[in-house]
Amino acid sequence: MKRTWMSHDLCAPWTIVNIELTQPLTPLNMDKAQGAYLLLRHRGRPSGRLLIGRSAFGDVVPVAELAPLVQRVGGSLASAYVVYDTLTAHLDKPSLPPLTIAICTRNRATLLRRTLAALVDLRDSRTGDATALDILVVDNAPPDGSTRDAVAEFAGLRYVMEPVPGLDFGRNRALRETDRAYLGFIDDDAIPDQGWLEGFAESLRDQPDAGAFTGPVLPLMLETEAQVRFEAAGGFGDGMDWLSYRKQRWNDPYYPANTGKLGTGTNMIFRTDTLRALDGFDEALDTGPPLPGGGDLDIFYRIVRSGAPLVYSPRQAVHHEHRQDMLGLRRQFRSWGLSMGALIRKNARFDPETKPAHRRVLAWLLVQHYGRMLAGYPLGRAAVPPSFVLSEISGLAQGLAGEYDRSLRRVTQRRKEHAQ
Amino acid sequence: MRPPAPWAILHIDLEQLPERLDAPAGARGIVLYFRLQGLVLGLAHELPNAFPMTAGDIARRAALATGDNMAVLLATGLRPMRHHEVPAIREAPPIPDVEALDRLSALISAQRAAKNELQASIIICTRRRSEDLAGCLASLSEEIASGREIVVVDNGPDVETEAVVRAHPGVRYVTEPQQGLSRARNAGILAARGDVAVFVDDDVRPEPGWIEPLLAAFTPGVDVVCGLVLPETLEADAQIAFQYDLGFGGMGHFPLLFDRAFLDNASGSPPVWDIGAGANMAVRRQRVLDLGGFDERVGPGAAGGCGDDSEYWHRVLHAGGAIIYEPLSVVRHRHRHNWSELKRQAYGYGFGHIVSLFAQYGRQRDRRDLRRALWTMPSWLGKRALKAPFQIMARRPDRLTGSWLRGYAGALAYLPLAYRPPPAADLRPEGKSDDV
């Protein structure tokens, strides 16, 4: 298939276009943008994503070029949706269970307002739910009252302050503060897709005993080079899967060590009892530097290993504002490597049955994944500069070298300090 | 890494989706065939941990397995595609509309109702498997009752087989004392009277409604029609290996047309073995006679192994005839239960494949066949042999390569087939035949 972007296309800005597959295609006009990110939808449900750089077809992409690409990328899921709709037409419509949506935030009042506005809109536009959506803001170790003031601007939101810094401390506080059967999280730099809650409700109807529900994290805008490059590198997940994950998976030698596929913390909804049974989130992860990640992957891992299903549905999507600057993005790559390494060591200790899968993932990362990313560079097809890949690898090495244990010690210290 | 046996097979009718699906007791793996008006529209593999499934989850699973195939079938209107056209259509079929599944169901239904004037005879070639044969004839009781001609060719011949046949008045009994499946097939062709001969193996159970789509596919110019062969059970590891590791044709979801273009478009030896499986095959009787019958030097009981059916298909294509693969015709095959039989089958496949390539070359002088026999296949086998020690270390031993290799070595003795002209097939029946 013709490559649809080259490295030199990856400058700001790119335009984001929603294409509804049940409508006839029109030529795509990029105007001044360097490229277009196409989100393909079938009756509103995400079914594929396509990146087209200016260098592929110029600034206007004719339908003759667009159609085969769109069909190839979006056709599979679209066809699946058609079959699914026919087969489920006679079933009870999905309904939303009692649900708390928690936003764990720290010192980002402006961003937070956007998220809260979107959630309040969602809540107020819904009728027919048995219980109205509960929106909870967890203000994590705030330096001032800006978050509290922002929350007060909206009607009917709950606000709590969690003094111990660390995202997982915040999440566990949300767990203590909810009385609903389901608890969801969205980040303060993301907004829900129009079908977010419908997607969740549908997944719940189809898999009533699932412990976790996740979905894609799509870009909200592509205004800076870092944001464009991140999406070109795959963003928060390449494919639009529609899967139910269990303790074991047929013919997947990397499972369950490849938790990256299971979802992202920006978009996760849980059965509250399942979280409680697992003692919530691991507070030694997501602590902010030096280990600013991993809490989401860890909880997904523990949920499937406990025997509860995890459902990933493309319909349950959010739109996220990616890191704006290149330096910040490179640090993020490093932190992903770090959390991966830390989790590999943690799981090797607490869940030795999956050691072979973790070894295979490590081998795959080092040989195929990073190898491919680095090899793209001389060919002009790399999404990110080699320094990013090296950053992630060095993070991985540090993570493997006992970062989880160090974090455990740091967090114990942190708890002691705050107990006083 | 697939789970060990036993596996269960579930056939799910998309128009009668169950409200709930439980894992069959004791199954370590489950194969789900999603059927629409009898057509297998897609399949999925699940571990027992995926069950029990709610209706919505079954729908999701079915949708993921069948969506693409549905789009392709609607794009072609169930018209048989040429083999080389398939990748292009599969790549980007038009996005289906909301009524698509219902429309496909109606299309299949209409296709099933199509009839033509051809008369069919069912031929069962059997050898010393009287119990299997009894089961096979029992599954054909409706055909017998409707007056369809059924000919059993006893290649033993033995008294048990004769007894089984005599228990079904109306079924004709023919003996063929000279061993060889091709020989037996030829005897059946001579004895039968229909326009079309439908072969059913004694270890095959046809599904109801399997015969009409075969017949309907015999449009002018079509000389052979093959159908889908599904496994009857996957209870033993050997059966699973037979299904997934041995590799034979007749498993696709789309109707296919094979003709001269298939021979011309192939870069290597045209993969006639991919066309279908002799276990579910119908042939125009007169054409078989015109072309000299099945090659009696090749196949089980003769040189051995396999290749008896694909060699005939190869000849049909070279003579300008066409072959159709029709997935609406479905039979279930009882795979061998134990490893030694499976290894013998692998040996037979490795062996028979090469022998039939030699026989093909002897008739048609297509250098690609010789190249495959003397270069491509040994290279492939050599690579597998080299990988074998690593497979053992990774605890996934390759249990079949040894048999493949021995089969290849044994087949080399039949190289003269490539250089001697084929004898004119002696199509006079040697054995007794009833006149009913």
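# Notebook: charged and polar residues in chains A and B

I began with A:Asp252, whose side chain makes a polar contact of 2.8 Å with the side chain of A:Arg249. I note at the outset that this is a predicted model.

**Entry 1. A:Asp252 and its surroundings**

I looked up where A:Asp252 sits and found it in the loop between strand 13 (243-245) and strand 14 (267-271) of chain A. Is A:Asp252 buried or exposed? I recorded A:Asp252 as buried, because its relative accessible area is 13%, and buried means under 20%. The side chain of A:Asp252 also has a polar atom 3.1 Å from the backbone nitrogen of A:Tyr254. I then checked a residue distant in sequence: A:Ala357 is 105 residues from A:Asp252 along the chain, and their C-alpha atoms are 9.0 Å apart.

**Entry 2. A salt bridge within one helix**

I turned to A:Arg406 and A:Glu403, which form a salt bridge with their closest N and O atoms 2.7 Å apart. How many residues apart are A:Arg406 and A:Glu403 in helix 12? They are three residues apart in helix 12 (residues 386-419) of chain A, so about one helical turn separates them. I compared the accessibility of the two partners. A:Arg406 is partly exposed at 30% relative accessible area, whereas A:Glu403 is buried at 2%.

**Entry 3. Salt bridges in chain B**

I noted a general point before continuing: side chains of opposite charge can pair when their charged atoms come close. Over all chains, I recorded a count of 65 salt bridges.

One of them joins the side chains of B:Glu176 and B:Arg183, with an N to O distance of 3.2 Å. B:Glu176 is buried, with a relative accessible area of 2%, and B:Arg183 is buried as well, at 6%.

Another pair is B:Arg332 and B:Glu207, whose closest N and O atoms are 2.8 Å apart. Which parts of chain B does this pair tie together? B:Arg332 lies in strand 15 and B:Glu207 in the loop between strand 11 (204-206) and helix 8 (211-216), so the salt bridge ties together parts that are 125 residues apart in sequence. I found B:Arg332 to be partly exposed, with 26% relative accessible area, while B:Glu207 is buried at 12%.

I also listed a network of salt bridges in chain B; it links B:Arg129, B:Asp132, B:Asp202, B:Asp203, B:Glu232, B:Arg334, B:Arg336 and B:Glu341.

**Entry 4. A buried charge without a salt bridge**

I next examined B:Glu326, which is located in strand 15 (residues 322-333) of chain B. B:Glu326 is buried but has no salt bridge. How far away is the nearest side chain of opposite charge to B:Glu326? That side chain belongs to B:Arg112 and is 7.4 Å away. I did find a backbone partner: the side chain of B:Glu326 reaches the backbone nitrogen of B:Leu328 at 3.0 Å.

**Entry 5. A polar contact at B:Thr401**

I located B:Thr401 in helix 15 (residues 401-411) of chain B. B:Thr401 counts as buried because its relative accessibility is 4%. Its side chain makes a polar contact of 2.9 Å with the side chain of B:Arg384.

**Entry 6. A positive surface patch**

I asked which residues form a positive surface patch. They are A:Lys355, A:Arg359, A:Arg360 and B:Arg396. Among them, A:Lys355 belongs to helix 11 (residues 355-375) of chain A, and I recorded A:Lys355 as partly exposed at 38% relative accessibility.

**Entry 7. Backbone angles**

I closed with the backbone. The peptide bond from B:Ala5 to B:Pro6 is cis, with omega near 5 degrees; B:Pro6 is in the segment before strand 1 (7-13) of chain B. A cis peptide bond also joins B:Gly156 and B:Pro157, where omega is about -25 degrees. I placed B:Pro157 in the loop between strand 8 (149-154) and helix 6 (159-166) of chain B.

For positive phi values in residues other than glycine, I noted A:Asp279, at about 60 degrees, and B:Arg128, near 55 degrees. A:Asp279 is in the loop between helix 8 (272-277) and helix 9 (295-305) of chain A, and is exposed at 67% relative accessible area. B:Arg128 is in the loop between strand 7 (120-126) and helix 4 (130-139) of chain B.

Methods. Residues are numbered from 1 along each chain as its sequence is written. Chains are lettered from A and ligands numbered from 1 in the order in which they are written. This is a predicted model: local features need pLDDT of at least 70, side-chain atom pairs count only at pLDDT 80 or more; totals for chains, interfaces and linings use all residues. Side-chain values use heavy atoms; hydrogens and water are left out. Patches are made of residues with over 30% relative accessible area and no salt bridge: like charges are joined within 9 Å, nonpolar side chains (Val, Leu, Ile, Met, Phe, Trp, Tyr) within 5 Å. Accessible areas come from the Shrake-Rupley method with a 1.4 Å probe; for residues, only the protein chains shown count as cover. A salt bridge is a side-chain nitrogen of Lys or Arg within 4 Å of a carboxyl oxygen of Asp or Glu. Lys and Arg count as positive and Asp and Glu as negative; His and the chain ends are not counted. The place of a charge is taken as NZ of Lys, CZ of Arg, CG of Asp or CD of Glu. Helices (H or I, at least four residues) and strands (E, at least two) are DSSP runs, numbered from the N terminus. Buried means under 20% relative accessible area, exposed over 50%, partly exposed in between (1.4 Å probe, protein chains only). A polar contact is a pair of N or O atoms within 3.5 Å; within protein, one must be able to donate a hydrogen and the other to accept it, and residues adjacent in sequence count only if both atoms are side-chain atoms.
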